[in-house]
Amino acid sequence: MFDTLSGKLQAVFERLGQKGKLGEKDVEEALREVRLALLEADVHFRVVRGLVDRVRARAIGSEVLQSLTPAQQVIKIVHEELVGLLGEPGKLASGGAPPQVIMLVGLQGSGKTTSAAKLALHLKKQGQRPLLAAADPYRPAAVEQLRILGRQTEVPVHAESAGDPVAISRAALQEARSNHLSHLIIDTAGRLQTDNALMGELQRIKAAVSATEVLLVADSTIGQEALRVAETFHTTVGLTGIILTKLDGDARGGAALSVREVTGVPLKFLGTGEMLEAIEPFYPDRMASRILGMGDVLSLIERAQQAVDLDQVEETRRKIRSGTFDLGDFLEQLRQVRKMGPLDQLLGMIPGVGKRLAKAGEDEAGAQDELKRTEAIILSMTPVERQRPELIGGSRRRRIAKGSGTSASDVNRVLGQFRQIQQLMRSVPGTGSRRNIDLGRLFQ
Amino acid sequence: MSFSIGSLRQAAAKTRSAFRDRLASVFSKSELSAEVWDDLEEMLITADVGVSTTENILGELRGRERKGQIREIDGLREGLHQELVARLNQGISALALDDQPVVILVVGFNGAGKTTTVAKLGRYWQQAGKRVLLVAGDTFRAAGGEQLNIWAERLGLQCIAGQRGADAAALLFDAIASARARGFDVVLVDTAGRIHTKTNLMDELGKMRGIAQRQQIEVRTLLVLDASTGQNGIAQARAFRDAVGLDGIVVTKLDGTAKGGVLFAVADELGAPVRFVGTGEQPDDLVVFDPEAFVTAVLE
Ligand SMILES: Nc1nc2c(ncn2[C@@H]2O[C@H](COP(=O)(O)OP(=O)(O)O)[C@@H](O)[C@H]2O)c(=O)[nH]1
Ligand SMILES: [Mg+2]
């Protein structure tokens, strides 16, 4: 679809590079691209205007123009400004007598019920004891949906098949109190912010249970409408935070930035997938990168650190240095990368590469198949062949292909990949401390 | 810093006033000043029309101004109306439902309003005298089948549902067999919400389409799009079109303040016609899309 912002700016400045010196006009041209990128990311029109003005003020007449890498300098300034607007990393309120009462509110279809279950699971993993409450008697099967999700996450659910949402919430609070639970999470019905009767209902629930958190659940694909929605929810019910959902697609979520900026309501959590584990605390710097289409290297590194066994990394490093890295190790490496998560998501985090590659057909199912084939091929080799792939000639290749149910050219492809990796690894200088892995280098 | 949050809050309070207020202010000016053009740009972009479609529209209008076809504010209003309608009129034709049975796949992003729309369409064609079979093809979401079943019961429609986690394509296969055996005209298929960047989920839709086509059954695909969707709507529509083809769009939740401005961008880039509009949560809250009325509502 769109080129990423950094790509576009590079192009602008490359053209200018041939001209020699950069002037204000050139910065203006870059700022036009910045404006476009922000609007395409659904950042609100007025917020874009303010932001672009500030970036202009900082970029013109500073050392930016003299810099050797003006494009990067401009991006850096934009990024800093965005991070500033996005506020603090997300945290739930704590303190006070339990249970903490969290209400989830929002438009129809924004993802409240799923978010309620995700939040419950998130809290449970931190050793908390949440209770879920189903306060949506309107949408068919909404209560049933929460019940099922409660079973799946092994979190108790307070559900009544009919009744008034205020009474249900009050009863749920009683249940949470008498069972000494830490949190009560109330899933409310979706509603339009213009529906006065239903907005009044939210006020009554909030008062009845003295909610400590009222979180607006907003779909990350929402456009300029976000501001109107958030402002009305904020002025009528009083919001304490935002959960931005469905970020596992290519929506950049710029509307959320505008909401934070204009209403002052902080972003707290991000929903990043349909699985109940897919919820993350919000980080401003990562969100800024995403809005700019710059990828999300930080999340990638974090995933890598979670999935990859550092001792193993050190072991691999040692093997490379001593020239004993073989196909068995290669397979182990592939498996480790796969543990980091779906490939399309990983690719999406890499600046510039991201979505286009993911779209070019490198899809999840394909990647799984590919790994399975590679695995089968390597497992069909003898230990000696894995250590010394140069031994593999025509007849061995045929045997391996037959054993793994693949073709000789598949085997060749795996061997080729292995040789490339070997070369790549030799070119990365060994570092002393294993904590010092500079993953950033991989993306240059 | 030369910027205050206060001023932005004020600015936002201004944007809160509905689209029509801003438009009224644009068109209350007496002459076509640069300010009017700027206001018009802001108005279109804050209605989610998107930068490039907005530029296209403004380009057309400025062209007409240069040729002397637009001289004053009323002319501009008229011209804008025409430009917007022209975009939505592309590719519009009745949805052909002559074959029996015809399969209608209702697809879209998570939470767009697919299941509710299936119920609404079921009612719509039921009232038009068709024999309608609903298929609860969202076997992923917890209670997804249950949700459609409840609607079917309320509307007195037949509904085929499977277990959670069941293969939706297999469910469709069964549905077609029973539609043939029992003489249904329209097989309306709800599907699980999916994010258009997930190729394996998109392929699954292609597979469902293929199942029907291999049995010589006509398939129509309707994309459900939430009116509050921003620029991502373009990517959604394109991806669904590429995966299963698009015979039309149903835009939902137009009963709120969202105007569905992204539809102009979608029409500009893809030319896919809008067929129906959802205006509420009840089965009767569905109207056939009318470009003139839609644009009038947007501009009023
Ligand atoms: N206000 C309003 N709400 C709608 C409309 N269409 C669907 N909804 C609501 O949007 C929510 C999600 O709808 P659903 O059909 O479950 O979406 P799905 O996940 O795409 O199947 C439900 O609460 C519906 O009642 C509409 O036209 N207007
Ligand atoms: Mg559904």
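**Exercise 1. Which residues of α4(B) and α5(B) meet, and how do the two helices cross?**

Thr53(B), Asn56(B), Ile57(B), Glu60(B), Leu61(B) and Arg64(B) supply the α4(B) side of the contact, and they meet Leu76(B), Gly79(B), Leu80(B), Gln82(B), Glu83(B), Leu84(B) and Arg87(B) of α5(B). By class, the contact residues are five nonpolar, four polar and four charged. The model is a predicted one.

Step 1. Locate the helices: α4 of chain B covers residues 51-66, and α5 of chain B covers residues 73-89.

Step 2. Take the geometry. The axes come within 10 Å of each other and cross at roughly 135 degrees. This angle makes α4(B) oblique to α5(B).

Step 3. Assign the hand: α4(B) passes α5(B) in a right-handed crossing.

**Exercise 2. Describe the packing of α10(B) against α11(B), and state how far α11(B) is covered.**

Step 1. Two packed helices are described by the angle between their axes and the distance between the axes.

Step 2. Helix α10 of chain B runs over residues 232-244, and its axis comes within 9 Å of that of α11(B), with a crossing angle of roughly 40 degrees. The two helices are therefore oblique to each other. Their crossing is right-handed.

Step 3. List the contact. From α10(B) come Gly233(B), Ile234(B), Ala237(B), Arg238(B) and Arg241(B); from α11(B) come Val262(B), Ala265(B), Val266(B), Glu269(B) and Leu270(B). These residues divide into six nonpolar, one polar and three charged.

Step 4. Turn to burial. Helix α11 of chain B (residues 262-270) is mostly covered, with seven of its nine residues buried. The buried residues are Val262(B), Leu263(B), Phe264(B), Ala265(B), Val266(B), Ala267(B) and Leu270(B).

Step 5. Look at the end of the helix: Gly271(B), just after α11(B), has a positive phi of about 65 degrees.

**Exercise 3. Is Val106(B) buried or exposed, and which residues does Val106(B) touch?**

Step 1. Place the residue: Val106(B) lies in strand β1 of chain B, which spans residues 102-108.

Step 2. Apply the cut-off. Buried means under 20% relative accessible area. Val106(B) has a relative accessibility of 1%, so Val106(B) counts as buried.

Step 3. Collect the neighbours. Leaving aside residues up to four places away in sequence, Val106(B) touches Lys114(B), Val118(B), Leu121(B), Leu188(B), Val189(B), Asp190(B), Thr191(B), Leu222(B) and Val224(B).

Step 4. Set a sequence separation beside a spatial one: Ala152(B) is 46 residues from Val106(B) in sequence, and the C-alpha to C-alpha distance is 16 Å.

**Exercise 4. Find the backbone features in loops: what are the phi values of Ser210(A) and Gln216(B), and which residues does a cis peptide bond join?**

Step 1. Begin with chain A. Ser210(A) has phi near 45 degrees, a positive value in a residue other than glycine. Ser210(A) sits in the loop between α8 (196-209) and β5 (213-219) of chain A.

Step 2. Check accessibility. Ser210(A) counts as exposed because its relative accessibility is 53%, and the cut-off for exposed is over 50%.

Step 3. Repeat for chain B. For Gln216(B), phi is near 60 degrees, again positive in a residue other than glycine. Its loop lies between α9 (199-214) and β5 (218-226) of chain B. Gln216(B) is exposed, at a relative accessible area of 65%.

Step 4. Take the peptide bond. Pro98(A) and Pro99(A) are joined by a cis peptide bond with omega about -5 degrees. Pro99(A) belongs to the loop between α4 (70-86) and β1 (100-105) of chain A.

**Exercise 5. Draw up a summary of each chain: how many helices and strands are there in chain A and in chain B?**

Step 1. Chain A holds 20 helices and eight strands. Of its 444 residues, 55% count as buried. Its accessible surface is about 19,400 Å², and carbon and sulfur atoms account for 52% of that area.

Step 2. Consider contacts in chain A with a separation of 6 or more: 75% are between residues 24 or more positions apart.

Step 3. Chain B holds twelve helices and eight strands. Its 300 residues are 58% buried. The accessible surface comes to about 11,800 Å², with 46% belonging to carbon and sulfur atoms.

Step 4. Among contacts in chain B between residues at least 6 apart in sequence, residues at least 24 apart make up 76%.

Step 5. Add the extent of chain B: its C-alpha trace spans about 65 × 45 × 35 Å along the principal axes.

Notes:
Residues are numbered from 1 along each chain as its sequence is written. Chains are lettered from A and ligands numbered from 1 in the order in which they are written. This is a predicted model: local features need pLDDT of at least 70, side-chain atom pairs count only at pLDDT 80 or more; totals for chains, interfaces and linings use all residues. Side-chain values use heavy atoms; hydrogens and water are left out. Axes are lines fitted to C-alpha atoms, for helices over the stretch in contact, and angles run from 0 to 180 degrees between N-to-C directions. Helices (H or I, at least four residues) and strands (E, at least two) are DSSP runs, numbered from the N terminus. Angles under 35 degrees count as roughly parallel, over 145 as roughly antiparallel, 65 to 115 as roughly perpendicular and the rest as oblique. A crossing is left-handed if the near helix is turned anticlockwise from the far one by less than a right angle, and right-handed if clockwise. Contact means heavy atoms within 4.5 Å. Ala, Val, Leu, Ile, Met, Phe, Trp, Tyr, Cys and Pro count as nonpolar, Asp, Glu, Lys and Arg as charged, and the others, Gly among them, as polar. Buried means under 20% relative accessible area, exposed over 50%, partly exposed in between (1.4 Å probe, protein chains only). Accessible areas come from the Shrake-Rupley method with a 1.4 Å probe; for residues, only the protein chains shown count as cover.
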